[in-house]
Amino acid sequence: PHFLPPPPEAKNRRLTRLDLARWLVSRDNPLTARTLVNRLWKEFFGQGLAPVLDDLGAQGEAPSHPELLDWLAVEFMERGWDVKHIVKLMVTSATYRQTANLRLELKDLDPNNRLLAAQNPRRLEAEFVRDNALFIAGLLNPELGGPSAYPYQPPGYYAQLQFPDRDYHANTDARQYRRGVYAHWQRTFLQPMLANFDSPSREECTANRVVSNTPQQMLTLLNDPPNVEAARVFAEWVLKAKCDSDEERIELVFQRALARPAKAGEKSSLLSFLKGQREHYRADAGESVKLAKVGLAPAPEGLAPAELAAWTQVCRVVLNLHETITRY
């Protein structure tokens, strides 16, 4: 492009894409490396060292730690543009491993935590919310590449699409559990679960997603078939584990979903909830059978339907916790 400064060695010849590529990664053009490490920083800390990710230059906001940004860019280039090396540097740093509890005396001095005195808690992005539930349940399909997958979607969602009219057919095999990044994308009709959790349309590049908190999101986590199925399969795994009591099973649920032990109040509350759910499903066997049929995963054999349904509801509660869908 003519608006870019031409390389000095390019005289009296037509420039090609190879010239552009060399200019992009030239040591005389540190902006590429700065931009990439700034975006990686945002992935692990919630915001970039320079917060305006898609305008890193004179018109964007100045970085909070310019020397650190420059050092990371130089390290990135000198290590042969090794992304894994930079990621390892970031996630093994003392800054990344801090608690997310900002000290009280800093809330007025640095309300946006630009000085990185604590980790920044933030909700998982849309695709990861679904992937996280599937992973906890042991359903996530880690297959890489290939065509789009077609996850569950409400019937009639494409009714307004014309030229031609079309139906949506969800996958009925292991592709149903592929990662959210592979979900089929219909322009202007985003997959409802991803749209509820602020996944942007792909009509233009979005470097920094908007994050909202709406009642529709909680209803999705509670009732969307992938989440109900994940809770059911999670409950099956818990019931088949070698545990001697309900308390041990609740502890197992917390360790797998949240990687921490359950607190005394949480245990007491969930045990009371479990008791009520057992009574409900024992009194209505049809509800147990109906719940066991949500999703593609077959209903397990050898488990009492009422017991599986009761523990499914316990697992739904844990999968719906704010902590489950938030990075700390």
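Which residue lies over the face of Tyr 182? Arg 178 does, at 4.0 Å from the ring centre. Keep in mind, as you look through these close-ups, that the model is predicted.

**View A. Two arginines lie over aromatic rings.** Tyr 182 has Arg 178 over its face, as just described. A second such arrangement brings together Arg 256 and Trp 237. Here the arginine lies over the face of the tryptophan, and the distance to the ring centre is 4.3 Å.

**View B. Trp 41 and Phe 45 form a stacked pair in helix α2.** A pair of aromatic rings is described by the distance of the centres and the angle of the planes. The whole structure has 10 aromatic pairs. In this one, the ring centres of Trp 41 and Phe 45 are 4.0 Å apart and the planes meet at 15°, so the pair counts as stacked. The two residues are four apart in helix α2, which means that about one helical turn separates them. Trp 41 is buried, at 6% relative accessibility, and Phe 45 is buried too, with a relative accessible area of 1%.

**View C. Phe 44 and Tyr 96 meet edge-to-face.** The ring centres of Phe 44 and Tyr 96 lie 6.1 Å apart with the planes at 85°, so this pair is edge-to-face. Phe 44 belongs to helix α2, while Tyr 96 sits in the loop between α4 (83–91) and β1 (122–123), so the contact ties together parts 52 residues apart in sequence. Are these two residues buried or exposed? Phe 44 counts as buried at 15% relative accessibility, whereas Tyr 96 is partly exposed at 25%.

**View D. Five aromatic residues form one cluster.** Its members are Tyr 150, Tyr 157, Tyr 158, Tyr 168 and Phe 189.

**View E. A salt bridge links helices α2 and α3.** Side chains of opposite charge can pair when their charged atoms come close. There are 17 salt bridges in the structure, and one of them joins Arg 34 to Asp 70, with 2.6 Å from N to O. This pair links distant parts of the chain, since Arg 34 is in helix α2 and Asp 70 is in helix α3 (residues 66–78), 36 residues apart. Both partners are partly exposed: Arg 34 has a relative accessible area of 26%, and Asp 70 has one of 32%.

**View F. Further salt bridges appear elsewhere in the chain.** Asp 131 pairs with Arg 130, their closest N and O atoms being 3.8 Å apart. Asp 131 is buried at 9% relative accessible area, and Arg 130 is buried at 10%. In the salt bridge between Arg 175 and Asp 173, the closest N and O atoms are 2.9 Å apart. Arg 175 is partly exposed at 40%, as is Asp 173 at 32%. Elsewhere, Asp 246, Arg 278, Arg 282 and Glu 307 are joined into one network by salt bridges that share partners.

**View G. The largest pocket holds about 390 Å³ of space.** It is lined by 21 residues, and those closest to its centre are Glu 43, Glu 125, Thr 206, Ala 207 and Arg 209. Helices α2 (31–45) and α5 (126–137) each give two or more residues to the lining. By class, the lining has seven nonpolar, four polar and 10 charged residues.

**View H. The largest cavity has a volume of about 30 Å³.** Its lining consists of Trp 41, Gln 47, Gly 48, Leu 49, Ser 64, Arg 114 and Leu 116. Three of these residues are nonpolar, three are polar and one is charged.

Terms used: Residues are numbered from 1 along each chain as its sequence is written. This is a predicted model: local features need pLDDT of at least 70, side-chain atom pairs count only at pLDDT 80 or more; totals for chains, interfaces and linings use all residues. Side-chain values use heavy atoms; hydrogens and water are left out. On a 1 Å grid over the protein atoms alone, a cavity is a set of points where a 1.4 Å probe fits but cannot get out, and a pocket is an open set with protein on both sides within 12 Å along at least five of seven lines; lining residues have an atom within 4 Å of a point. Grid points are joined across faces, edges and corners, and a volume is the space filled by probe spheres set on the points. Ala, Val, Leu, Ile, Met, Phe, Trp, Tyr, Cys and Pro count as nonpolar, Asp, Glu, Lys and Arg as charged, and the others, Gly among them, as polar. A salt bridge is a side-chain nitrogen of Lys or Arg within 4 Å of a carboxyl oxygen of Asp or Glu. Buried means under 20% relative accessible area, exposed over 50%, partly exposed in between (1.4 Å probe, protein chains only). Rings of Phe, Tyr and Trp (its six-membered ring) pair if their centres lie within 6.5 Å; planes under 30 degrees apart count as stacked, over 60 as edge-to-face and the rest as tilted. A charge sits over a ring if NZ of Lys or CZ of Arg is within 6 Å of the ring centre and within 35 degrees of the ring normal.
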